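Here are a few notes to read alongside the structure. Take them one at a time, and look for each residue as you go.

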Amino acid sequence: MVGNLNFPQFSCSFRLFSKPKDDQDINNFRSHSFSQDSFNSSFSSSRSSLPSSISTLLPPQQTTLHHHSLFTIHPNSSHILSLTLAGNHLYTGSSNSHIHRWPRHTTSDDDEFVSVRCSSAVKCLQMLSDDVVVSGHQDHRIRVWKISEMGIKIVASLPTLKDRLSKVLFAKNYVTIRRHKKLIWIHHNDAVSSLAVSGDKSLIYSGSWDRSFKVWRSSDFKCLESVTNAHDDAINAIVLSGEGFVYTGSADKKIKVWRFNQRNRKHDLIDSLVHHKSTVNALAYDDNLSVLISGACSGVMIASERNFSGGGHMAVVGALMGHRKAILCVRIVGELVCSGSADKTVRLWRRVVGKSYSCLGVLEGHGGPVKCLAVAAENDSDGDGDGDGDGREYMVYSGGLDGDIRAWKVWVPLAMEKASMANVDG
């Protein structure tokens, strides 16, 4: 145990745990071998969850991934629902209505810990800038926070009072949300489940269980557009591409693609992707490869690539199978894809020959479903201990419904990266 660190000024505490005592003699990375047998069993159980039109991946060859469990944080909250990174800090949102800022590394000063209590569970977090974080909540609201040396201070709650007052007197601004009940269209009327920020930071997108997504201007937080009934069921995920496309994933099993129409200043539906046979929980987009990764309740992830030759917006290039329960979160950093699941594990994937993806390894340790992930690429390194030559390091942070935040350092051998990139180029 590294120790118990108390922060009475924020009435919160966390504990950092190093590796088990039996492992203390091993100062280098732990080498994790991903066996063919373990993949085959989960591969067979997941295959039936795929639409018949989608071809599955062949089981990958056995690979070795080097990883090291750095620490575990116990922030005394019931569930960790959201994670995001900014600089040297990790921001977490919890079901007991707290936003915490933690130092990303245990060597950081203790006074970098900051905490603020909200009025509702924090479903999602996004950084608008290094010192501004946006949060989506169970109470249907979106909140904007300013981070400073004095702590975290709320600067806006969306929709803003000014925005509401400008529309409340006009009947045309009201929409029916259920029988005998109307609400101004700028309001979400169910939990805000996902947030996304445009590349130029000028727009904030919010997806909700009320089946709509909304667009907010970051300069004054005015609601510019609401796409009501965007799906037939709750929206669970929203991501943006550098080309300006908006992707929404829903409990209606569909992924929809939207594009802003300059003429009518509205988002138009471009395509509807029916790739899954169960609820779509998570989306991640890679601008470098124009690839969308989607995760569903079946435990299957599907990789789709931009189809520039016509015949649909996206073309499926493969399925990522190995998780035994629902996929709850997906992140892409560089060529590394990370997924968290209700099976309590984090899996790491890599693009290989034929545009498909191979599982490199499994991170275990959570006592409950892995609800959220944050990933950062570190500098290239010379390896550590049992590493074979040069490689690339990644920091992987996971938040679980067990209330824990876990941090791993992952080392991918450079030889593996070169082989993968050569296969992609070929």
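**Notes on the model**

1. Let's begin with a strand on the inside. In this predicted model, strand β5 covers residues 80-86, and six of its seven residues are buried, so the strand is largely enclosed by the rest of the structure. To count as buried, a residue must have under 20% relative accessible area.

2. Which strand pairs with β5? The partner is β6 (residues 89-94), which runs antiparallel to β5 and is joined to it by six bridges. To see one of these pairings, find I80, whose bridge partner in β6 is S94. Together β5 and β6 make a hairpin, with two residues between the strands. Have a look at G87 in the turn, where phi is positive, at about 60 degrees.

3. Next comes a sheet. As a reminder, strands of a sheet pair through backbone hydrogen bonds, either parallel or antiparallel. Here four strands form an open sheet, and following the order β19-β20-β21-β22 you will find antiparallel pairing. The edge strands are β19 (235-240) and β22 (266-273); each has a single partner strand, so one side of each is left without a neighbour in the sheet. From one strand to the next, the twist averages 25 degrees.

4. Within that sheet, try following β20 (residues 245-250) and β21 (residues 255-261), which pair in the antiparallel sense over five bridges. A handy pair to find is G249 and its bridge partner in β21, I255.

5. Now for the repeats. An unreviewed UniProt entry lists "repeat: WD" at residues 185-226, 228-268 and 320-349. Over residues 320-349, the chain is 60% strand and 0% helix. The C-alpha atoms at the two ends of this stretch are 8 Å apart.

6. How many cavities of 30 Å³ or more does the structure hold? There are two. The second largest has about 40 Å³ of space. Residues lining this second largest cavity include D286, L289, I332, G334 and E335, along with L336, V337, R351 and Y357. Sorted by class, its lining has five nonpolar, three charged and one polar residue.

7. Finally, is K162 buried or exposed? K162 sits in helix α2 (residues 161-165). Its relative accessibility is 73%, so K162 counts as exposed, the cut-off being over 50%. It is also worth finding K222: K162 and K222 are 60 residues apart in sequence, while their C-alpha atoms are 8.5 Å apart in space.

Notes: Residues are numbered from 1 along each chain as its sequence is written. This is a predicted model: local features need pLDDT of at least 70, side-chain atom pairs count only at pLDDT 80 or more; totals for chains, interfaces and linings use all residues. Side-chain values use heavy atoms; hydrogens and water are left out. Two strands pair if DSSP finds at least two bridges between them. Axes are lines fitted to C-alpha atoms, for helices over the stretch in contact, and angles run from 0 to 180 degrees between N-to-C directions. UniProt positions are given in the numbering used here, feature names are shortened, and annotations may be inferred rather than shown by experiment. On a 1 Å grid over the protein atoms alone, a cavity is a set of points where a 1.4 Å probe fits but cannot get out, and a pocket is an open set with protein on both sides within 12 Å along at least five of seven lines; lining residues have an atom within 4 Å of a point. Grid points are joined across faces, edges and corners, and a volume is the space filled by probe spheres set on the points. Ala, Val, Leu, Ile, Met, Phe, Trp, Tyr, Cys and Pro count as nonpolar, Asp, Glu, Lys and Arg as charged, and the others, Gly among them, as polar. Buried means under 20% relative accessible area, exposed over 50%, partly exposed in between (1.4 Å probe, protein chains only).
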